[in-house]
Amino acid sequence: SPVIVVRGPSGAGKKAVMWELLRRWGGAIPDPIPYLDGRWLSSEPDPRPLAALLEVAAPVVVLDKLHGLSRPQQGELFKWIMARLQARSPAGPRRLVVLLEHRGPAYPETELRHRDLAKLLRAVPTVRLPSAATCGREEVRRLAQHFFQQYKRDAPAGCRFHVKDCELAEDALTRLQDEPWPGNWRQLQLTVEMAAFAVALD
C-alpha cells in the first residue's frame with residue numbers, strides 16, 4: 001500500500017515503529033527523512049499547499065500530528081491519499097507513513113475534523129499500538145529491561161563504564177510494574193534512563 005498508518009497514544013512508540021518499517025522496506029533511507037508536522041503546517045502565516053509538500057522525490061514521507069492540520073488541509077490530504085490509492089497520482093514518494101495519535105472521545109483535540117479522512121485512514125493498512133495501561137505486567141518488565149540494556153549500549157562512554165555490570169534489581173522491576181505509566185512507554189524509558197544515569201553519577 002502507498003499509505004501506512006501507525007496509530008497509538010502519545011508515547012506509545014509510533015516513531016520507533018516507523019523506523020522499523022523503513023528498515024524492513026530496505027533501500028536507501030533519505031537523510032533527513034521528509035517529515036511534516038501538522039501543527040507546524042497549520043501555523044504558517046501563508047500555508048503552502050499540502051499536496052506540493054507531499055510530492056517530493058523521496059522513497060517515503062512521514063506525516064505526523066494530523067489533528068494539528070486545519071480542516072481545509074485535512075480535506076486536501078484526503079484528496080491526495082484517494083488519488084494515490086486509485087493510482088491517479090504516480091508522482092511523489094513511494095509511501096506515505098501517517099503517525100496518528102488517537103486517545104478516544106475523551107481527548108477531542110486528537111480527533112480529525114474531516115470525517116471522510118478519518119474514515120479513509122481506518123481503511124488503509126494500520127499498525128495499532130496499545131497504551132502502557134492496557135498491557136500486562138510482563139510487558140512492562142520486558143520493556144524496562146530492554147530500555148536498560150539499550151542505555152548501557154548507547155549511553156556516553158563514561159556512563160557505560162559505570163553501569164556496564166549493573167542489572168535492574170527485582171524490587172525495582174516490581175515497582176516499575178506497579179506504576180500506571182500515563183505517559184506510556186516513553187515515560188517508562190525516561191524513568192529507566194534517569195535511574196541508570198543516577199547510578200553512573202554516584
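The following questions and answers concern the sheet and nonpolar cores of a predicted model.

Biologist: In what order do the strands of the open sheet stand?

Modeller: The sheet is open and has 5 strands, and their pairing is parallel. The twist from one strand to the next averages 15°. The order is β2-β3-β4-β1-β5.

Biologist: Which strands have a single partner strand?

Modeller: A strand at an edge of the sheet has one side left without a neighbour there. That holds for two strands, so the ones with a single partner are β2 (35-37) and β5 (126-128).

Biologist: Over how many bridges do β1 and β4 pair?

Modeller: β1 and β4 run in the parallel sense. Val 5 stands opposite Val 98 in β4. The number of bridges between β1 and β4 is 6.

Biologist: What angle does the direction of α4 make with that of β4?

Modeller: Helix α4 packs on the sheet, where it touches β1, β3 and β4. The angle between the directions of α4 and β4 is about 140°.

Biologist: Which element gives the most residues to the largest nonpolar core?

Modeller: This core has 23 residues, and Leu 54, Leu 77 and Leu 121 are among those that touch the most other members. Elements giving two or more residues include β1 (3-8), α4 (71-85) and α5 (115-121). With 4 residues, the element that gives the most is α5.

Biologist: Which residues beyond four places in sequence is Leu 77 in contact with?

Modeller: Contact here requires heavy atoms within 4.5 Å. Leaving aside neighbours within four places in sequence, the partners of Leu 77 are Leu 50, Leu 54, Leu 63, Leu 66, Leu 69, Leu 96 and Leu 117.

Technical notes: Residues are numbered from 1 along each chain as its sequence is written. This is a predicted model: local features need pLDDT of at least 70, side-chain atom pairs count only at pLDDT 80 or more; totals for chains, interfaces and linings use all residues. Side-chain values use heavy atoms; hydrogens and water are left out. A nonpolar core is a set of buried Ala, Val, Leu, Ile, Met, Phe, Trp, Tyr and Cys residues joined through side-chain atoms within 4.5 Å. Buried means under 20% relative accessible area, exposed over 50%, partly exposed in between (1.4 Å probe, protein chains only). Two strands pair if DSSP finds at least two bridges between them. Axes are lines fitted to C-alpha atoms, for helices over the stretch in contact, and angles run from 0 to 180 degrees between N-to-C directions.
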